[in-house]
Amino acid sequence: MTSKDLVVQAGEILEAIFSSFVIEDQSLLKDIPVVSTVAAYVGFYSAYKAKSFEKKFYAFLNGFTEDQLKSFKKFIKNKSTEDVGFEVINLLDKLDKVNQVQMMARALNLYISCLEQEMNEVEESEVKSNFEHNIHIIKQLDDYLLSAMHSVYTDPVLDDQNSMVMGSIIGQALLTLGLVEQKNEPAFAGAEFYQPFSFSASSYGRTFYKDIIQGTP
């Protein structure tokens, strides 16, 4: 999309999310001395936050096609799912990296696409749970863990029968998120050194890497 298209879409999305949100008049705050003292700092910080949010919001919108944006607008105007719009704003404010924002857009697209299909309540609950799990992972996935994910899932010979050695801390972090599986290495009697931790690709991790990190169709 062009920059102009992004501005238009951003306005429409924010309007849809905040259509029922009322901001109280805070004009009297300017009469409080302590507020006047920090006004310059607040102005600078607000401008910084606004610019940062704008950058992330445009990165988020760039993760949608025109058809996907239409589905997203319809989705956040639905009374049963309107809270997702506020969750998006909250997440955009908290996420630090643009790549996390892009992953969030892919996770949301996948969620909406699944809900558009015919399914029963149990299936809907599973889809929602999977979406929430994906968002939880995205919030934890800093550059350090993301680099490890690339190492695991871009190795052409690494499959369910092979494993890679990595530090216990980063391996356990990915294991806790369900993104890898731990390999059971044989223990040798009388060995002076423990075998290093080794991990292999998991089915969930492979799907997450393909659909959320890479965004492969």
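Is Lys128 buried, partly exposed or exposed at its relative accessibility? At 40% relative accessibility, Lys128 counts as partly exposed. The legends below describe close-up views of a predicted model.

**Figure 1. Salt bridge between Lys128 and Glu132 in helix H7 of the predicted model.** The closest N and O atoms of Lys128 and Glu132 are 2.4 Å apart. Both residues belong to helix H7, which spans residues 121–140. Because Lys128 and Glu132 are 4 residues apart in this helix, about one helical turn separates them. Glu132, like its partner, is partly exposed, with a relative accessible area of 42%, while the value for Lys128 is 40%. This pair belongs to a structure that holds 4 salt bridges.

**Figure 2. Salt bridge between Glu54 and Lys51 in helix H3.** Here the closest N and O atoms are 3.9 Å apart. Glu54 and Lys51 both lie in helix H3, which covers residues 39–61. Their spacing of 3 residues corresponds to about one turn of the helix. The two partners fall into separate accessibility classes: Glu54 is partly exposed, with a relative accessible area of 33%, whereas Lys51 is exposed, at 55%.

**Figure 3. Salt bridge between Asp143 and Lys97.** The side chains of Asp143 and Lys97 meet at 3.5 Å, N to O. Asp143 lies in helix H8, and Lys97 in the loop between helix H5 (83–94) and H6, so the salt bridge ties together parts that are 46 residues apart in sequence. Asp143 counts as partly exposed at 41% relative accessibility. Lys97 is also partly exposed, with a relative accessible area of 37%.

**Figure 4. Packing of helix H8 against helix H9.** Two packed helices are described by the angle between their axes and the distance between the axes. Helix H8 comprises residues 143–153 and helix H9 residues 168–176. Their axes are 10 Å apart, and the packing angle is about 85°. H8 is therefore roughly perpendicular to H9. On the H8 side, the contact is made by Tyr144, Leu145, Ala148 and Met149. H9 contributes Ile170, Ala173 and Leu174. By class, the residues of this contact comprise 7 nonpolar, no polar and no charged.

**Figure 5. Crossing of helix H6 and helix H10.** Helix H6 (residues 98–115) and helix H10 (residues 203–214) have axes that come within 7 Å and cross at roughly 110°. This angle makes H6 roughly perpendicular to H10. The H6 residues Met103, Arg106, Ala107 and Leu110 meet Asp211, Ile212, Ile213 and Gln214 of H10. The contact of H6 with H10 has 5 nonpolar, 1 polar and 2 charged residues.

**Figure 6. Surroundings of Gln100 in helix H6.** Gln100 lies in helix H6. At 6% relative accessibility, Gln100 counts as buried, because the class takes in values under 20%. Leaving aside neighbours within four places in sequence, Gln100 is in contact with Leu95, Ile138, Lys139 and Leu141.

Methods. Residues are numbered from 1 along each chain as its sequence is written. This is a predicted model: local features need pLDDT of at least 70, side-chain atom pairs count only at pLDDT 80 or more; totals for chains, interfaces and linings use all residues. Side-chain values use heavy atoms; hydrogens and water are left out. Axes are lines fitted to C-alpha atoms, for helices over the stretch in contact, and angles run from 0 to 180 degrees between N-to-C directions. Helices (H or I, at least four residues) and strands (E, at least two) are DSSP runs, numbered from the N terminus. Angles under 35 degrees count as roughly parallel, over 145 as roughly antiparallel, 65 to 115 as roughly perpendicular and the rest as oblique. Contact means heavy atoms within 4.5 Å. Ala, Val, Leu, Ile, Met, Phe, Trp, Tyr, Cys and Pro count as nonpolar, Asp, Glu, Lys and Arg as charged, and the others, Gly among them, as polar. Buried means under 20% relative accessible area, exposed over 50%, partly exposed in between (1.4 Å probe, protein chains only).
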